[in-house]
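Trainee: Could you take one part of this protein and walk me through it slowly? I'd like to hear about the packing of the helices and the core.

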Amino acid sequence: MRVSAKADYAVRACAELATSPQGQPVAVETLAVGQGLPTSFLERILGDLRRGGVVVSVRGRSGGYKLARPATEITLADVMRAAEGPLVTVRDERPPSLSYDGSAAALLDVWVALRVSVRDVLDEVTLAALVSGDLPATVRTMLQRADAWENP
């Protein structure tokens, strides 16, 4: 699985918003500096996140962006879907719309299982858990595997 810069930046920007005191709006420039992100790219990403219902924009002198819901209710999957669309696609199609024949017939099952495993992580980790470092037990267990940090 490949996580794009857009998805990575979206999660990082939302993490910054999750640390905003009392949900106060944060200016794009402040978000960009806080995570070392390019401002113009971040503005486009925030537009996608706003259309996806993850953030809201606040106009005015002390305006900016804030989370649309509490950080405990927004998962990394929510953020990534708003930024990029479905979590797992094959040739830009969702796995259930695919079919394979012959020796590759079981490949559909593999793609669906991959989607389930991605969901098992991204649907469980909230922005609140991310910024506190208190990741779910299932994620911590995955990190304890001997091969977790190896790059085959």
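Mentor: Here is a close look at the packed helices and the core, with a few spots outside them at the end.

Keep in mind that this is a predicted model. Let's get our bearings before zooming in. The protein chain has seven helices and two strands, and, starting at the N terminus, the order of elements is α-α-α-β-β-α-α-α-α. Along the principal axes, its C-alpha atoms fill a box of roughly 60 × 30 × 25 Å. Of the chain's 152 residues, 34% count as buried. Now look at contacts between residues at least 6 apart in sequence: 56% of them join residues at least 24 apart.

Now for the part you asked about. Nonpolar side chains tend to be buried together in soluble globular proteins. In this model the largest nonpolar core has 35 residues, and Leu-49 and Val-79 are the ones with the most contacts inside it. Who supplies it? At least two residues each come from helix H1 (5-18), helix H2 (28-35), helix H3 (39-51), strand E2 (64-67), helix H4 (76-84) and helix H5 (107-122). H1 gives the most, with seven residues.

Val-79 is a nice place to stand and look around. Skip its neighbours within four places in sequence, and Val-79 is in contact with Ala-10, Val-11, Cys-14, Leu-49, Val-54, Ile-74 and Leu-127. Notice Leu-49 in that list, the other residue named for having the most contacts inside the core.

Next, how do the helices H1, H2 and H3 sit against each other? Two packed helices are described by the angle between their axes and the distance between the axes. Let's go pair by pair.

Take H1 and H3 to begin with. Their axes come within 10 Å and cross at roughly 80 degrees. An angle from 65 to 115 degrees counts as roughly perpendicular, so that is the word for H1 against H3. On the H1 side, the contact is made by Lys-6, Tyr-9, Ala-10, Ala-13 and Cys-14, and on the H3 side by Phe-41, Leu-42, Ile-45, Asp-48 and Leu-49. Sort those residues by class and you get eight nonpolar, no polar and two charged. Some of these names should ring a bell: Ala-10, Cys-14 and Leu-49 also touch Val-79.

Then there's H1 with H2. Here the axes are 9 Å apart and the angle is about 110 degrees, so this pair is roughly perpendicular too. H1 brings Arg-12, Ala-13, Glu-16 and Leu-17 to the meeting, while H2 brings Leu-31, Gly-34 and Gln-35. The residues of this contact divide into three nonpolar, two polar and two charged.

That leaves H2 and H3. They pack at an angle of about 115 degrees, with axes 9 Å apart, and therefore they are roughly perpendicular to each other. The crossing in which H2 passes H3 is right-handed. From H2, Val-28, Leu-31 and Ala-32 meet Thr-39, Leu-42, Glu-43 and Leu-46 of H3. By class, five of the residues in this contact are nonpolar, one is polar and one is charged. If you compare the lists, Leu-31 of H2 meets residues of H3 and residues of H1. Likewise, Leu-42 of H3 takes part in the contact with H1 and in the one with H2.

Finally, a few spots outside those three helices. Thr-126 sits in the loop between H5 and helix H6 (127-132). Is Thr-126 buried or exposed? Its relative accessibility is 16%, so it counts as buried. Leaving out neighbours within four places in sequence, Thr-126 is in contact with Ala-71, Thr-72, Ile-74 and Thr-75. Ile-74 is also among the contacts of Val-79.

Val-56 belongs to strand E1 (residues 55-58) and is partly exposed, with a relative accessible area of 31%. Beyond its neighbours within four places in sequence, Val-56 is in contact with Gly-64, Tyr-65, Lys-66, Leu-67 and Ala-68. Val-56 and Lys-66 are ten residues apart in sequence, and their C-alpha atoms are 5.6 Å apart in space.

Last stop: the loop between H4 and H5, where you'll find Arg-91 and Asp-92. Arg-91 has a positive phi of about 55 degrees although it is not a glycine, and phi of Asp-92, also a residue other than glycine, is near 65 degrees. Arg-91 counts as exposed at 59% relative accessibility, and Asp-92 is exposed with a relative accessible area of 74%.

Key: Residues numbered from 1 in each chain as written. Predicted model: local features only at pLDDT ≥ 70, side-chain atom pairs only at ≥ 80, totals over all residues. Heavy atoms only, no water. Core = buried A, V, L, I, M, F, W, Y, C linked by side-chain atoms within 4.5 Å. Buried < 20%, exposed > 50% of the residue type's maximum accessible area, 1.4 Å probe, protein only. Helix = DSSP H or I, 4+ residues; strand = E, 2+ residues; numbered from the N terminus. Contact = heavy atoms within 4.5 Å. Axes fitted to C-alpha atoms, helices over the stretch in contact; angles between N-to-C directions. Parallel < 35°, antiparallel > 145°, perpendicular 65-115°, else oblique. Left-handed = near helix turned anticlockwise from the far one by under 90°. Nonpolar A, V, L, I, M, F, W, Y, C, P; charged D, E, K, R; others polar.
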